[in-house]
Amino acid sequence: MKRKTKEIVALLLSLAILAGGCWYISRMFMPDRTFYGAGWSMYREEKRDSVDVMFVGSSFVYCDVIPGKLYADTGRTSYVVSAPVCTVATSYYYIREALRTQSPEQIFLEVSSIFFDEYSQYADVAVGYMPWGVNRLGAIFASAAPESRFGLLFPPYSYHQRWQEMELPAFFKRGDETPDPWAGYMYLKEAKPMERGQAEPVELESISFEKNCRYLQKIVELCKDRSISLVCFMSPSCRPYGEAELELIREQLGDAGLRDFNEDAEEIGLDLTTDFYDERHLNFSGAMKFSAFLAEEYGESWQSLPRRDFDGELWSARADKILDPDEGDV
Amino acid sequence: MNFNSLEYMLFLPVTLALYYALPGRVRNPFLLAASYFFYMWWEPAYALLMLFSTAVTYGCALAMGPAREGGAHRRRAWLVLCLAVNLAILFFFKYYNFLASSVNSLLGRSSGGLPALDILLPVGISFYTFQALGYTVDVYRGELEPERSFIDYALFVSFFPQLVAGPIERAGNILPQLKKRHRLEIRDLPGSVLLILIGFCKKMVIADNLAVVVNGAFADPSAYTGAQLAFAALSFTFQIYCDFSAYTDIARGSARLFGVSIMENFRAPFFAESIRDFWRRWHISLSGWFRSYVYIPLGGSRVGKGRRIFNLMVVFLLSGLWHGAAWTFVLWGAVHGLYQAVGVLLDPVREKLYKAVPKNAPLVRAVRILFTFTLVCAAFVVFRAESIADAVYILKSAALAPFTGLFPLALGAMGLTRRMLVVVALHVVLLLAYDGLRDKEAFLGRVSSTVWQKYALGLFLIFSILIFGSYGEEVPRQVFVYFQF
């Protein structure tokens with residue numbers, strides 16, 4: 001082979017090895033993600049176009065909504081696509097990414113995040129586990145603080161040292177590439193007695209309220225374009241926001257409206273001593289009640305949705321799981 | 001700007017591209033501006049200090065004029081002025097607070113006495129001051145003509161690859177190279193890039209990982225066993241070598257990209273067979289500077305034994321002081337001076353011994369190398385320790401370790417996981433193998449001219465750095481050790 005050709009071949013091969021190596025480190029060195037949201041590897045194992053309804057937002061969604069319970073009560077499939085302290089901007093990119101493999105008829109969006117800071121301290125998780133593509137890039141620049149963006153763009157920067165703690169099988173296969181038995185829900189067993197109160201008033205100057213509103217509008221528009229019914233809601237809480245904050249959200253949502261499930265706390269049957277993990281998150285008992293309420297409220301309207309081809313065995317297992325939650329509790 | 005930073009990884013290729021894109025007559029001014037930009041990344045104000053020092057040495061050398069024009073008294077006056085101004089600046093920024101605290105301690109004053117000042121040590125001041133002074137002395141001695149071009153001279157002083165941590169270059173080597181018009185030779189690129197990668201590998205894989213062990217042990221020696229402290233001493237020896245030689249490798253590789261060849265600063269120092277030999281292999285530019293400008297003017301070796309020992313002690317005490325304003329550095333210098341003094345005194349004994357025992361027999365050489373290495377390690381404990389008391393404690397504990405109990409070694413409790421210790425150890429073995437090559441330049445030249453070998457070595461180094469390197473969000477960045485000098 002002529003030297004020049006050899007050089008080019010060697011260079012291209014080296015670049016390919018380098019790229020492959022970086023890809024390998026990015027993929028295999030990141031810890032498995034099987035709970036606390038951002039479980040994108042498991043989400044992508046879900047059968048394409050098999051989900052009827054999606055629940056999007058922060059931990060107020062993945063702690064409060066159990067798709068297995070919804071399926072057991074309504075026969076309809078759902079999925080929780082959320083992440084810890086998920087900003088509105090990240091939720092927007094989450095929805096865009098989720099719609100690449102699913103086509104839900106209805107999206108429930110938990111909108112407390114409109115009062116979150118611009119940059120989430122959990123961006124490394126919320127964004128770091130997103131599949132590579134324009135949505136991940138969008139989320140990086142919209143939700144991650146500037147100093148953490150490099151690690152999100154180049155994961156080996158954040159995870160290269162994990163080889164020291166990984167067991168041998170982990171170098172060959174990730175542990176989160178099977179369908180999520182909870183379909184995005186985070187099982188929290190512990191109950192902490194709570195007292196009812198009200199959330200502190202929000203100081204709009206201290207958060208990026210305008211940016212959050214902008215992304216909320218983008219979500220509304222996106223759902224409109226895709227003919228997806230959008231339900232914006234506030235999840236049940238021991239310390240719900242006051243009327244002033246709720247009014248701010250209603251102004252943004254306009255016709256889309258806001259469903260504040262705190263108004264239904266009594267009907268849901270939440271018990272402050274047994275149903276809460278902390279003042280903002282339900283535990284399993286509380287999530288079961290809330291999910292049962294959702295099934296009651298929306299189950300009938302879901303029956304009119306087109307029937308999808310879903311994995312019956314998987315969903316039966318998910319429905320069975322709520323009867324015996326097993327491992328994975330906190 | 002640190003070499004081990006994203007900024008430098010952007011700065012270098014951009015500067016390189018612009019340098020070769022510019023017409024020849026603009027290149028040196030551009031490179032000068034880039035060097036000042038590089039330096040000002042730390043603290044813009046200190047660039048003024050460097051500029052002042054540059055202007056003084058430039059002006060004094062010009063005022064001296066060429067040696068052939070005579071005027072010995074006038075020339076000496078300019079030399080003295082130049083030395084006085086630059087050493088005064090160096091003294092003020094580096095040693096004033098050390099002097100103040102030492103005097104106050106001696107006088108037993110907790111208040112009053114000499115006031116401590118809030119002075120930040122300008123990065124690289126020891127290096128560029130010595131480099132500039134070396135030039136002035138060379139002009140005085142008639143070894144060099146005074147440089148007329150201020151741009152070229154300023155670039156010699158501030159050339160960014162070697163500005164902050166050396167090597168301390170000679171004007172006679174660098175100035176002629178700066179005046180040449182360089183072309184970017186693609187075939188020379190691999191060698192330079194490989195040298196830079198070797199530097200990063202040494203720094204990030206070996207030095208920065210060992211720093212974890214060293215920092216913990218030297219911060220609180222009493223929390224560690226003798227065996228662990230011995231390991232920490234060994235770790236520091238390799239840390240400082242890898243850290244400092246890495247800087248030189250990156251500096252040399254970077255300079256080569258601009259067509260400038262910088263001297264080697266290390267030549268397999270851990271294969272030295274005596275302390276004298278060690279100092280011909282370690283920080284060669286500094287030891288060369290002291291030899292040329294202090295040791296030889298004092299008489300060097302061409303004097304009686306007593307005077308020679310005195311000259312050696314002066315040089316090594318100054319060398320210790322050059323490293324930093326602390327008694328541990330001075331003591332480190334004194335220890336090496338003492339080693340050299342004992343070496344001089346034992347010369348006759350060694351001559352007799354090597355008549356009976358062949359000096360170059362492998363076993364004899366191995367013993368000499370190990371013995372020298374042990375002495376160097378022990379001295380480095382003094383260098384690194386946070387106080388003389390700590391140094392004594394560590395040396396005593398390490399020396400008594402075989403008697404107090406070597407096991408459990410518990411090296412995994414010193415901050416690095418067992419896996420990382422193994423990886424670092426493997427890299428140290430590879431480093432020693434590389435150092436042990438008869439001609440590293442030739443080896444690198446051969447590898448970088450062989451298609452598959454250069455890419456294989458490059459990939460190995462990149463992946464080593466990527467996977468085993470000490471960097472990341474959770475990892476505090478380790479500056480180069482010699483930046484503090």
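This passage describes the sheet of chain A, the cavities and a pocket, and the cysteines of a predicted model.

In chain A, five strands are arranged as an open sheet in the order 2-1-3-4-5, with parallel pairing. The twist from one strand to the next averages 25°. Strand 2 and strand 5, the latter spanning residues 258-260, occupy the edges of this sheet, and because each has a single partner strand, one side of each is left without a neighbour in the sheet. In general, the strands of a sheet pair through backbone hydrogen bonds, in either a parallel or an antiparallel manner.

The pairing can be followed strand by strand, beginning at the edge formed by strand 2. Strand 1 of chain A, which covers residues 53-57, is joined to strand 2 of chain A by five bridges, and the two run parallel; within this pair, A:Val53 stands opposite A:Ser78 of strand 2. Strand 1 of chain A is also connected to strand 3 of chain A, through four bridges and again in a parallel arrangement, and here A:Phe55 lies opposite A:Phe108 of strand 3. A:Phe108 in turn stands opposite A:Val231 in strand 4 of chain A. Strand 3 (residues 106-110) and strand 4 (residues 229-234) of chain A run parallel and are joined by five bridges, and A:Glu110 has A:Phe233 of strand 4 as its bridge partner.

Burial was examined for two of these strands. Strand 2 of chain A, residues 78-82, has five of its five residues buried, and it is therefore largely enclosed by the rest of the structure. In a regular strand, side chains alternate between the two faces of the sheet. Both faces of strand 2 of chain A are covered, since A:Ser78, A:Val80 and A:Ser82 on one side are buried, as are A:Tyr79 and A:Val81 on the other. For strand 3 of chain A, five of the five residues are likewise buried, so that this strand too is largely enclosed by the rest of the structure. One side of strand 3 of chain A carries A:Gln106, A:Phe108 and A:Glu110 and the other carries A:Ile107 and A:Leu109, all of them buried, and both faces are thus covered.

Enclosed spaces were considered next, and four cavities of 30 Å³ or more were counted. The largest cavity contains about 150 Å³ of space and is lined by 17 residues, of which A:Gly37, A:Ala38, A:Gly39, A:Val80 and A:Gly184 lie nearest its centre. Helix 2 (40-43) and strand 2 of chain A each supply at least two residues of this lining, and strand 2 of chain A gives the most, with four residues. A:Val80, one of the residues nearest the centre of the largest cavity, is also among the buried residues of strand 2 of chain A. By class, the lining of the largest cavity divides into ten nonpolar, five polar and two charged residues.

The second largest cavity holds about 130 Å³ of space. Its lining comprises 14 residues, and those nearest its centre are B:Asp249, B:Arg252, B:Glu264, B:Phe266 and B:Lys440. Helix 9 (189-219), helix 10 (226-257) and helix 19 (440-449) of chain B each supply at least two lining residues, with helix 10 of chain B giving the most, at five residues. The lining of the second largest cavity consists of five nonpolar, three polar and six charged residues.

The second largest pocket has a volume of about 610 Å³. Of the 22 residues that line this pocket, B:Glu273, B:Ser274, B:Ile275, B:Arg350 and B:Arg368 are the closest to its centre. At least two residues of the lining come from each of helix 11 (275-278), helix 14 (327-345), helix 15 (347-356) and helix 16 (362-384) of chain B. The lining of the second largest pocket divides into nine nonpolar, four polar and nine charged residues.

Finally, the cysteines were inspected, and zero disulfides were found over all chains. The sulfur of A:Cys213 has its closest cysteine sulfur in A:Cys232, at 12 Å, which is too far for a bond. B:Cys201 is likewise in no disulfide, the nearest cysteine sulfur, that of B:Cys242, being 9.1 Å away. A:Cys213 counts as buried because its relative accessibility is 7%, and B:Cys201, at 7% relative accessibility, also counts as buried; the cut-off for burial is under 20%.

Technical notes. Residues numbered from 1 in each chain as written. Chains lettered and ligands numbered in written order. Predicted model: local features only at pLDDT ≥ 70, side-chain atom pairs only at ≥ 80, totals over all residues. Heavy atoms only, no water. Buried < 20%, exposed > 50% of the residue type's maximum accessible area, 1.4 Å probe, protein only. Pairing = 2+ DSSP bridges. 1 Å grid on protein atoms, 1.4 Å probe; cavity = no way out; pocket = protein on both sides within 12 Å on 5 of 7 lines; lining within 4 Å. Points joined across faces, edges and corners; volume = space filled by probe spheres on them. Nonpolar A, V, L, I, M, F, W, Y, C, P; charged D, E, K, R; others polar. Disulfide = S-S within 2.5 Å. Axes fitted to C-alpha atoms, helices over the stretch in contact; angles between N-to-C directions.
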